[in-house]
Amino acid sequence: RDDVKAAEYSQIAATANARLGLQRNSPKLDLSASTSLWKRDNDFGTAIGQSFSTRHPSAALALSFMIPLDIPTVLNVRSGLAKEIQAADLTFERKLFDQEKEWNDVVKKLDEAKRRYELSAKIEKIQAEKFEYERDRLARGRTTTLQVLSFEQDFRNSQFTRIQSQAAVLNLVAQMKTFGGASL
């Protein structure tokens with residue numbers, strides 16, 4: 001589902017941000033080196049010309065080590081970043097758990113809705129037979145109009161119930177499709 005994918009991407013982003021923060025708050029060791037050629041002379045042209053020769057090279061090597069001075073704060077920051085990673089992992093796991101639980105619930109509800117639909121179709125058929133039988137009895141003068149109307153009302157209610165249960169099945173099938181790739 002899309003919300004689970006969003007949680008997964010949030011987990012990846014939070015982990016990357018936390019790792020970046022951990023690197024930012026770590027001690028740093030830098031090594032740099034440079035070399036140059038140079039010549040000093042009163043005559044500008046001679047100085048320029050001789051500066052491109054390798055007779056007077058200059059080299060520099062630098063090593064720098066930087067460490068934050070407020071160690072307790074750095075440790076708190078690092079601890080907080082580790083907890084952010086853990087929170088993102090737990091959020092993603094929770095979304096997966098919720099998705100699995102919702103899937104199982106929808107499957108159970110779909111089975112129940114299918115059974116209700118089958119029963120309501122059978123009840124509708126029985127109510128239709130009952131209504132037709134009572135209408136035949138009315139034509140022969142064996143029952144009252146009120147009784148026929150009552151049976152017709154029962155038949156119409158059973159049709160309504162069947163349509164409702166059919167809609168419930170279709171809604172659950174549509175809900176299953178939101179899980180992506182789910183087939184019946």
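Here is a walk through this structure, taking the helices and then the strands. Keep in mind that what you're looking at is a predicted model.

Let's start at helix 1, which covers residues 2-24. Its 23 residues reach 33 Å from the first C-alpha to the last, close to the 33 Å expected at 1.5 Å a residue. Now look for the side of helix 1 that is tucked away: Val 4, Ala 7, Gln 11, Ala 14, Thr 15, Ala 18 and Gly 21 are buried. And what do these buried residues of helix 1 pack against? The partner is helix 3.

Helix 3 runs over residues 71-139, and it turns up again when you move on to helix 4. That one takes in residues 145-177, 33 of them, and reaches 48 Å between its end C-alphas, close to the expected 48 Å. Quite a list of residues is buried here, including Val 148, Phe 151, Phe 155, Ser 158 and Arg 162. Further along helix 4, Ser 165, Val 169, Leu 172, Val 173 and Met 176 are buried too. Helix 3 is part of what covers them.

For a close-up of helix 3, pick Glu 124, which sits in that helix. Is Glu 124 buried or exposed? With a relative accessible area of 13%, Glu 124 falls under the 20% cut-off, so Glu 124 counts as buried. Leaving aside residues up to four places away in sequence, Glu 124 touches Phe 155, Ser 158, Gln 159 and Arg 162. Three of those names may ring a bell: Phe 155, Ser 158 and Arg 162 are among the buried residues of helix 4.

Next, the strands. Ala 59 lies in strand 2, residues 57-66. Its relative accessible area is 69%, over the 50% cut-off, so Ala 59 is exposed. Still, Ala 59 has contacts with Ser 34 and Thr 35, again not counting residues up to four places away in sequence. Ser 34 is 25 residues away along the chain, yet the two C-alpha atoms are separated by 5.7 Å.

Finally, take a look at the surface. Leu 29, Leu 31, Leu 61, Leu 63, Phe 65, Ile 67, Ile 71 and Leu 75 form a nonpolar patch there, with about 900 Å² of accessible area together. Strand 1 (28-37), strand 2 and helix 3 each give two or more residues to the patch. Which element supplies the largest share? That is strand 2, with three residues. One member, Ile 67, is in the loop between strand 2 and helix 3. At 44% relative accessibility, Ile 67 lies between the 20% and 50% cut-offs, so Ile 67 counts as partly exposed.

Terms used
Residues are numbered from 1 along each chain as its sequence is written. This is a predicted model: local features need pLDDT of at least 70, side-chain atom pairs count only at pLDDT 80 or more; totals for chains, interfaces and linings use all residues. Side-chain values use heavy atoms; hydrogens and water are left out. Helices (H or I, at least four residues) and strands (E, at least two) are DSSP runs, numbered from the N terminus. Buried means under 20% relative accessible area, exposed over 50%, partly exposed in between (1.4 Å probe, protein chains only). Contact means heavy atoms within 4.5 Å. The expected span of a helix is 1.5 Å times one less than its number of residues. Patches are made of residues with over 30% relative accessible area and no salt bridge: like charges are joined within 9 Å, nonpolar side chains (Val, Leu, Ile, Met, Phe, Trp, Tyr) within 5 Å. Accessible areas come from the Shrake-Rupley method with a 1.4 Å probe; for residues, only the protein chains shown count as cover. A salt bridge is a side-chain nitrogen of Lys or Arg within 4 Å of a carboxyl oxygen of Asp or Glu.
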